[in-house]
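This report walks through two metal sites, the cysteines, and several packed elements of one protein. Please keep the sequence and the structure open while reading.

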Amino acid sequence: MAKKQDESLVKLRHSAAHVMADAVQRLYPGTKLGIGPAIEDGFYYDFDCEKHFTPEDLSKIEEEMLRIIKEDLRFEKKGVTREEAARILRDSGEKFKLDLLEGLEDEKITIYTHGDFMDLCRGPHVKSTGDIKAFKLLSVAGAYWKGSEANPMLQRIYGVAFKNKKELENYLKLREEAQKRDHRKLGKELDLFSFKDSIGAGLVLYHPKGAILRQVIADYITARHLEKGYQLISSPHILKSDIWIQSGHYEYYKEHMYIFESDKQEYAVKPMNCPGHILVYSSKIRSYREFPIRYFELGSVYRHEKSGVLHGLLRVRGFTQDDAHIFCLREQVEAEVISVINFVVETLRVFGFRDFEVELSTRPEKYIGTLSDWDEATVALKNALGQKKLQYDINEGDGAFYGPKIDIKLKDALGRAWQCATIQCDFALPERFDLKYTDRSGKEKRPVVLHRVILGSLERFIGALIEHYGGAFPLWLAPVQAMVIPIAEAHVDYCLGLREFLHQKGLRVEIDTRDEKMQRKIRDAEMSKIPYMAIAGSREMETSTVSVRSRKDGNVGVIKKEEFVERLLEEIKIDQEVED
Ligand SMILES: [Zn+2]
Ligand SMILES: [Zn+2]
């Protein structure tokens, strides 16, 4: 759910859109207007204009906007009849606005003006153009009228507006920093992953450095699950459609599934891991004594997302979840949820995240299960959050139809929130799959099922990590932990031996044997954000030492190669310790 915007900011931003439209029409007479809403941090307006807007034009439009702001023109509201509105729009040739008017069901139409500018609009606006104190135009992009490729392509200009100059400056600084850290840009620069049209949009191709990063995370999270009493299972990537019909995915989720036929049998690539886990549960008779049963899988799933929403590693079509399903008694739910929350917080801290946003989503209008089921589960989730003294927002009515849930978002170095963990109660699947256990008195009952992920999707999590660290990963995560650099040709053999020695100690090391100056090699290793450099020349060769440079501490000096290994292994250990 999008964050609720401050009403006064929405008014300000939408008013800035009017001022921008006025400026464009003053500069480029004959330009027709599309829509111009407020959006997060700013606004946009769609224009039909023969002139193809360039970045220079944006500065010109900004200057014109400043003039309009200086004129301090009042925003005036005018109620008109449909016929009047249609006549006004027809006279001014605003064909897109006319199209909008036809789609409006309102009896009373309102028109807003400032100076000579007029717009079909519901408002509200600030009092006067002079109230717009801080804005900036950022970019221009193509946008089909009403989002349909069958319609003409308009030019959409994006801008931002804030209450004052300081807030605008802060925003622009943060934006610049975010652009530097963009995981798509760093993914290419650090040679971590790529996407190729030839294999399909939203499908990640991990290069060696990205794949090792992913594996380090996968190994870590798997080990932690085993420590915490989860059992590892593995389910296939394709399952017959019948199972998806039984689970309800076929009915509720079909548009996101890849379905195909083979040997006259329909299958679907799994969009979720739940059915596999449930089938392992129901593979034998269960007793309350076994509870809680916690099944864990690094499950790769495929979901058909619209191409327009795909975004680097953050929104993809194929991804791997650190997914688990917990089967338990009702009275165990609260304790299980608390232990999952602990797990999330500990894990995220190890990865360097200290701040979180927590949301609880409650019963929607359409739901299954009884009211008392819902109340009980919601109370259990609330109690767990209360026990952990976590501040949280409630999204009233925003839960899935089958149960309430908790979402935990991590906050990165720039204060941006990224969805990761989810804990979800489920009343539907136990019914649909007729899950049972025998209770204390020998009676058959339904278990509760909790779905939960800690990191969420590995892909999205890696995207968040890249941006959080700006690509400069801590040692334990760094794809290449040290670069071995021979000073001259004569030292290459020694350095190859050194690399082998470090490999055997489990360290991830590369060697730079290019015919380049040492300074150049050092600079390139720095650019690749490699945590350590081990440089060796004649002196190091004779004494079995290396000259060490650390990304964090600068020049470490000449040390024995064993000492170098110890230093790295110790740092890797400390990186993974959970502090309070
Ligand atoms: Zn308006
Ligand atoms: Zn599930």
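Which protein atoms are the donors of the zinc ion (ligand 2)? In this predicted model, the donors are SG of Cys274, NE2 of His325 and ND1 of His451, and they lie 2.0 to 2.3 Å from the zinc ion.

## The site of the zinc ion (ligand 2)

Along the chain, the donors of this zinc ion (ligand 2) are spaced as C-x50-H-x125-H. Distant parts of the chain are linked by the pair Cys274 and His325, since Cys274 belongs to helix H10 (residues 274-281) and His325 to strand S16 (residues 318-328), with their positions 51 residues apart. Both members of this pair, Cys274 and His325, are buried.

The third donor, His451, is placed in strand S23, where Gln424 stands opposite to it. Two of the donors can thus be followed into strands, His325 into S16 and His451 into S23, and these two strands are themselves joined, as described further below.

## The site of the zinc ion (ligand 1)

The zinc ion (ligand 1) has as its protein donors the NE2 atoms of His14, His18 and His125 together with the SG atom of Cys121, at 1.9 to 2.1 Å. The angles among the 4 donor atoms run from 87 to 131°, and the site is tetrahedral. In sequence, the donors of the zinc ion (ligand 1) follow the spacing H-x3-H-x102-C-x3-H.

His18 is part of helix H1 (residues 7-27), whereas Cys121 sits in the loop between strand S6 (117-120) and strand S7 (134-144), so this pair ties together parts of the chain that are 103 residues apart in sequence. His18 and Cys121 are both buried.

## Cysteines and disulfides

How many disulfides does the model contain? The count comes to 0 disulfides. A disulfide is a covalent bond between the sulfur atoms of two cysteines. Cys328, to take one case, is in no disulfide, and its nearest cysteine sulfur, which belongs to Cys425, is 8.3 Å away.

Why does Cys328 count as buried? Its relative accessibility is 0%, and the cut-off for buried is under 20% relative accessible area. The zinc donor Cys274 is likewise buried, with a relative accessible area of 5%.

## The sheet of S4, S5 and S6, and helix H4

Strands S4, S5 and S6 form an open sheet in the order S4-S5-S6, with antiparallel pairing. Strand S4 (76-80) and strand S6 stand at the edges and have a single partner strand each, so one side of each is left without a neighbour in the sheet. On average, and with direction ignored, neighbouring strands of this sheet are turned by 25° against each other. S4 and strand S5 (residues 109-114) run antiparallel and are joined by 5 bridges, and Lys77 stands opposite Tyr112 in S5.

Helix H4 (residues 95-103) has Phe96, Lys97, Leu98 and Leu101 among its buried residues. The partners against which the buried residues of H4 pack include two strands of the sheet, S5 and S6, as well as strand S3 (42-48), helix H3 (82-91) and strand S8 (153-162).

## Strand S23 and its partners

Strand S23 (residues 448-457) has 10 of its 10 residues buried, so it is largely enclosed by the rest of the structure. S16 and S23 run antiparallel and are joined by 7 bridges, and within this pairing the bridge partner of Ile326 is Leu450 in S23. Strand S20 (residues 417-426) also runs antiparallel to S23, with 5 bridges joining them.

## Two buried residues, Thr347 and Leu477

Thr347 is found in helix H11 (residues 333-350) and is buried, with a relative accessible area of 0%. Its contacts, leaving aside neighbours within four places in sequence, are Tyr220, Ile221, Ile454 and Leu455. Thr347 and Tyr220 are 127 residues apart in sequence, while their C-alpha atoms are 9.5 Å apart in space.

Leu477 is placed in the loop between helix H14 (458-469) and strand S24 (482-486), and at 0% relative accessibility Leu477 counts as buried. Residues up to four places away in sequence not being counted, Leu477 touches Leu213, Val216, Ile217, Phe351, Leu465 and Arg508. The C-alpha atoms of Leu477 and Trp374, which are 103 residues apart along the chain, are separated by 41 Å.

Methods:
Residues are numbered from 1 along each chain as its sequence is written. Chains are lettered from A and ligands numbered from 1 in the order in which they are written. This is a predicted model: local features need pLDDT of at least 70, side-chain atom pairs count only at pLDDT 80 or more; totals for chains, interfaces and linings use all residues. Side-chain values use heavy atoms; hydrogens and water are left out. Donors are N, O and S atoms within 2.8 Å of the metal (3.2 Å for Na, K and Ca); water is not among the atoms, so sites may look incomplete. Helices (H or I, at least four residues) and strands (E, at least two) are DSSP runs, numbered from the N terminus. Buried means under 20% relative accessible area, exposed over 50%, partly exposed in between (1.4 Å probe, protein chains only). Four donors count as tetrahedral if all angles lie between 85 and 135 degrees; four count as square planar and six as octahedral if opposite donors are over 155 degrees apart and all others between 65 and 115; anything else is irregular. A disulfide is a pair of cysteine sulfur atoms within 2.5 Å. Two strands pair if DSSP finds at least two bridges between them. Axes are lines fitted to C-alpha atoms, for helices over the stretch in contact, and angles run from 0 to 180 degrees between N-to-C directions. Contact means heavy atoms within 4.5 Å.
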